[in-house]
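Here is a set of questions and answers on one structure. Have the sequence and the 3D view open as you read.

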Amino acid sequence: MYVTVKGGERAIENAHAWLGEERRGDPQIAAVSPAQIREQLSLAVHRVMAEGSLYDSDLAALAIKQARGDLIEAIFLIRAYRTTLPRLGPSVPVDTARMHCERRISATFREVPGGQVLGPTFDYTHWLVDFQLAADGEAPPAPTADPVPEATPHVTGFLNREGLIEEAPPSDAAPPDLTREPLEFPALRLQALTRSDEGFSLGMAYSTQRGHARTHAFVGELRIGAVTVEMEIPELGFAIEIAEITLTESETVNQFQGSKTKPAQFTRGYALVFGQSERKSISMALVDRALRWEELGEDNLGAPAQNAEFVLSHADSIQATGFLEHIKLPHYVDFQSELELLRKLRRAAGAAPRQEAAE
Amino acid sequence: MLDETLTVYDRKSWLSLLATARAGRAKALLDPLEIPVDFTWLRRPEIGSVMIRGRAGGTGAPFNLGEATVTRCSLKLAGDTVGHGYVQGRAKADAQTAALIDALMQTPAAETLTPRLPDVLRSEQKERRHKRASKAAATKVDFFTMAPGEG
């Protein structure tokens, strides 16, 4: 428990003034604009949109600036802003098969219809610091080629045709909403995972690869690109394209031995994340798959990544940081009572009383 | 090139183009036309959110993915034509322009507007997509099999 403490207003005011000055840094160096952050630190912006659960790149860029680059702080700002917005309605579920793919790879099929498209990837770079970036900011234009107008069907679709992989049968049931209802398992799994902390998801996913819940995943497909979002407009009576957003979708293909009721077939893990968020997306797909053990009739191996309560209750960076950081706020009364108790116990045990600490 | 004189837009198409146009773009195209407009608000611009949904496994049951900011407004022209503006992001001026154009497109002004607005927005959208698709195409992998001992 913490109680309100009077005093300290001036100290707080001055601390915030200093924060502002530190945020600005050396005034001899040009200030960074939110537009520069949006354009040049776009992956940080994407992460803030994904975990802030609000797609607005200008707002995310501004939040990053305000938070001095502390992304969890920026996500916190976005979540707080989000709660002030009236909800105009839900979208029609996005159709990722019609994504304008900028990157699309499959680790399971080399010759995949639509092709393997690398996109603007860090893969195959040599991870050497590029000192040229410090010298000038100009980039030569990227080479182009004529795009072939062809469909890019989901890879799991081919496996479905042979019945080799579990299907995801369509439904139109309205999903529950984590922002309005308490966290329920497993209904809110995908919503909770898509906005979960990237580091937490990565750690959980890695644990499954190291043997805690053996799900042995391949990236069946990873695709990144723009998707149009349609929304029904009540006063019009039809849907319009209300937004265009970049999404990262991952589908893993996982081993499955089959059970008494099901013939052996591959199972799948699924991820869909705001922005170009590849690491987060693959992590989400692995964790999604591990959490589905019960539904697939697998054994509970007692692995942390199989424990929905554990994973989904601790995956949110804002909930976690809120609870973690509150312990640094004044707890004087709590602490005083603990202090009293400890002294009493020590007296009862016959410890020699000494000069007591200043209170 | 498309024969632009033949393009007929339905309301869904022009509203969709307006919703995702770049900030200030529709206004920059509308203003030079100097179409006199007199309107009253039915709903002043308001910023809200749309909850974007995905489907589990890409095809399965819907789930809530996260929200996006959206601005909307509604207005009525002097001749009683109602226009609705819905745009992505926090953009009250753009929502107003969208609602004005939505209303005007339902009047005889549509003839003047079509080649100067929806046509332009559509070709810009196509060009934007084509540019990125061309860069993506250049990163498509061409596999070839090497003879044993090569490489």
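**Interfaces and backbone in a predicted model**

Q: How many residues does the contact take from chain A, and how many from chain B?
A: The model is a predicted one. Contact here means heavy atoms within 4.5 Å. The contact takes 55 residues from chain B and, on the other side, 73 from chain A.

Q: What area is buried between chain A and chain B?
A: The size of an interface is often given as the accessible area lost when the parts come together. For chain A and chain B, carbon and sulfur atoms give 60% of that area. The total buried between the two chains is about 5600 Å².

Q: Which residues in chain A lose the most area to chain B?
A: Look at the chain A side of the contact. Three residues there together make up 11% of what that side buries. They are L88(A), P175(A) and I242(A).

Q: How many salt bridges does the rule find across the interface of chain A and chain B?
A: The rule asks for a side-chain nitrogen of Lys or Arg within 4 Å of a carboxyl oxygen of Asp or Glu. R43(B) and E235(A) meet this with their side chains, at 2.7 Å from N to O. Across the interface of the two chains, the count of salt bridges is 8.

Q: Which element gives the largest share of the side of chain A that touches chain B?
A: Polar contacts across this interface come to 31 residue pairs, both residues at pLDDT 80 or more. On the side of chain A, one strand contributes 11 residues, the largest share. That strand spans residues 238-254 and is β5 of chain A.

Q: How do the residues of the side of chain A that touches chain B divide by class?
A: Sort that side into three classes. Charged residues number 18 and polar residues 15. The nonpolar residues number 40.

Q: How far apart are the C-alpha centres of domain 1 and domain 2 of chain A?
A: The domain assignment gives domain 1 as 9-82. Domain 2 is 96-129 + 148-169 + 176-315. The C-alpha centres of these two domains of chain A lie 29 Å apart.

Q: What area is buried between domain 1 and domain 2 of chain A?
A: In this pairing, 12 residues of domain 1 are in contact with 16 residues of domain 2. Carbon and sulfur atoms give 56% of the buried area. The area itself is about 1200 Å².

Q: Which side chains meet in a salt bridge between the two domains of chain A?
A: The rule finds 1 salt bridge across the interface of domain 1 and domain 2. Its N to O distance is 3.5 Å. The partners are D197(A) and R47(A).

Q: Which element gives the largest share of the side of domain 1 that touches domain 2 in chain A?
A: Between these domains, 4 residue pairs are in polar contact, both residues at pLDDT 80 or more. On the domain 1 side, α3, β1 and α5 of chain A each give two or more residues. The largest share, 6 residues, comes from α3(A).

Q: Is S53(A) buried or exposed?
A: S53(A) lies in the loop between α3 (42-52) and β1 (54-55) of chain A. Its phi is near 65°, a positive value in a residue other than glycine. Buried means under 20% relative accessible area. S53(A) has 1%, so it is buried.

Q: What is the relative accessible area of R68(A)?
A: R68(A) lies in the loop between α4 (57-66) and α5 (71-82) of chain A. Its phi is positive, about 60°, although R68(A) is not a glycine. R68(A) is partly exposed, with a relative accessible area of 47%.

Terms used:
Residues numbered from 1 in each chain as written. Chains lettered and ligands numbered in written order. Predicted model: local features only at pLDDT ≥ 70, side-chain atom pairs only at ≥ 80, totals over all residues. Heavy atoms only, no water. Helix = DSSP H or I, 4+ residues; strand = E, 2+ residues; numbered from the N terminus. Buried < 20%, exposed > 50% of the residue type's maximum accessible area, 1.4 Å probe, protein only. Domains from an automatic or database assignment. Buried area = accessible area lost by both parts, 1.4 Å probe. Polar contact = N/O pair within 3.5 Å; in protein donor to acceptor, adjacent residues only side chain to side chain. Nonpolar A, V, L, I, M, F, W, Y, C, P; charged D, E, K, R; others polar.
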